[in-house]
Amino acid sequence: MTIEYRTADGDAFRVMAPSDTSPGRTAVDLRISLVEENDRAAARLRESFRRRGLVAVNLVSSPGAGKTALLERTLDEFGRQCPCAVVVGDLETDNDARRLRRGPAPVAQITTGSTCHLDATMVERGAASLDLAGVRLLFIENVGNLVCPAAFDLGESCRVVLLSTPEGEDKPLKYPPLFQTASVVVVTKMDLASVLGWNRDAALRNIREVAPQVPVISLSARLGVGLDAWYRLLQSLLAGAPP
Amino acid sequence: MESAVEAMVREARRHRAQRILRAVLDVGVASGADPDAMRFAFPIVARGTLAEGAELALRPISGRELLLVHLEMS
């Protein structure tokens, strides 16, 4: 015997009904999509960003790769001519939000508890808590993680994957799904490259192996080196999204 | 992994089950989900839920879908 269920979209799916006579063990066949729910929320977000003329940038990396440092500098410099806002996710604490709130940009901290990534409904709630009037650029600082965030569309126009020099050169080979979904790869902490003996050619080769077309920007947010290429990228995203 | 465990627990409750014994997921190779990471995360996320101690089976499929396709419970 089968039972028919309907999803919120009206799609029917059938499952085997449990047998009342089974000896304590019930087995059911299902077809429940686990990406659908997030994709629907991401589509809502993308549409609301588009209506506002707002460009959303999703920053993803390992913990400690320098997402917050890059954003601090970006808000200080680029944020002067372009109104920005930030939604930042962490498992616990609002340390990052406090670092980013020194300027005028509105910042929402999302603490995810045990969840290792931001999903689109969290970003919807975070964005709704901010006054986005006049804001052109919304940065979404994801939870530090090179795995789970790859699977969650947050309605962004641009996914920036950061790779810091202390992580070595082979992260793209170890975590290909995230690098494959990157719109741009930003190599951070270039000021440490020489002391670490970091091999730029090997890193670029590894990035190219999993994502042959992706643009790569190298910078040091601490020293302010290479940031002009990053700001040019942000400018080009804004040019593609008229207010 | 949270969404997978939530879906399992929701189904298990619907069937008034006490415990999830086994779950099968179809994982699209282009879904962005990493099977090794899922196997690692599952027992952590499932702790304290009806899915604690359950066996997780992952089947690769083409495309970007991520589907819960089978559940055994008691």
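This briefing covers the contact between chain A and chain B, the build of chain B, and the salt bridges. The model is predicted. Chain A and chain B bury about 2,300 Å² between them. Strand β3 of chain A pairs with strand β3 of chain B across the contact, and the two run antiparallel. Salt bridges between the two chains number 2.

**Extent of the contact**
- Chain A contributes 23 residues to the contact, and chain B contributes 26 residues.
- Carbon and sulfur atoms account for 55% of the buried area of about 2,300 Å².
- On the chain A side, Leu30(A), Ile32(A) and Leu34(A) supply 27% of the area buried against chain B. No other three residues of chain A supply more.

**Polar and charged links across the contact**
- There are 2 salt bridges between chain A and chain B.
- In a salt bridge between the chains, the side chain of Arg64(B) meets that of Asp39(A), at 3.2 Å from N to O.
- Polar contacts between the two chains come to 10 residue pairs, counting pairs with both residues at pLDDT 80 or more.

**The chain A side**
- Strand β3 of chain A, residues 26-33, gives the most to the side that touches chain B, with 8 residues.
- By class, this side of chain A holds 13 nonpolar, 6 polar and 4 charged residues.

**Strand pairing between the chains**
- Strand β3 of chain A is joined by 6 bridges to strand β3 of chain B, which spans residues 66-73.
- The direction of this pairing is antiparallel.
- Within this pairing, Asp29(A) stands opposite His70(B), a residue of β3(B).

**Build of chain B**
- Chain B has 2 helices and 3 strands.
- Read from the N terminus, its elements follow the order α-β-α-β-β.
- The C-alpha atoms of chain B fill a box of roughly 35 × 20 × 15 Å along the principal axes.
- The radius of gyration of chain B is 12 Å, which agrees with a compact globule, because 74 residues would give such a globule a value near 11 Å.

**Salt bridges in the whole structure**
- Over all chains, the structure has 19 salt bridges.
- One of the salt bridges lies within chain A, where the side chains of Glu124(A) and Arg44(A) meet at 2.9 Å, N to O.
- Glu124(A) belongs to helix α4 (residues 120-128) and Arg44(A) to helix α1 (residues 36-52), so this pair ties together parts of chain A that are 80 residues apart in sequence.

Technical notes:
Residues numbered from 1 in each chain as written. Chains lettered and ligands numbered in written order. Predicted model: local features only at pLDDT ≥ 70, side-chain atom pairs only at ≥ 80, totals over all residues. Heavy atoms only, no water. Contact = heavy atoms within 4.5 Å. Buried area = accessible area lost by both parts, 1.4 Å probe. Salt bridge = Lys/Arg side-chain N within 4 Å of Asp/Glu carboxyl O. Polar contact = N/O pair within 3.5 Å; in protein donor to acceptor, adjacent residues only side chain to side chain. Helix = DSSP H or I, 4+ residues; strand = E, 2+ residues; numbered from the N terminus. Nonpolar A, V, L, I, M, F, W, Y, C, P; charged D, E, K, R; others polar. Pairing = 2+ DSSP bridges. Rg over C-alpha atoms; globule rule 2.2 N^0.38 Å.
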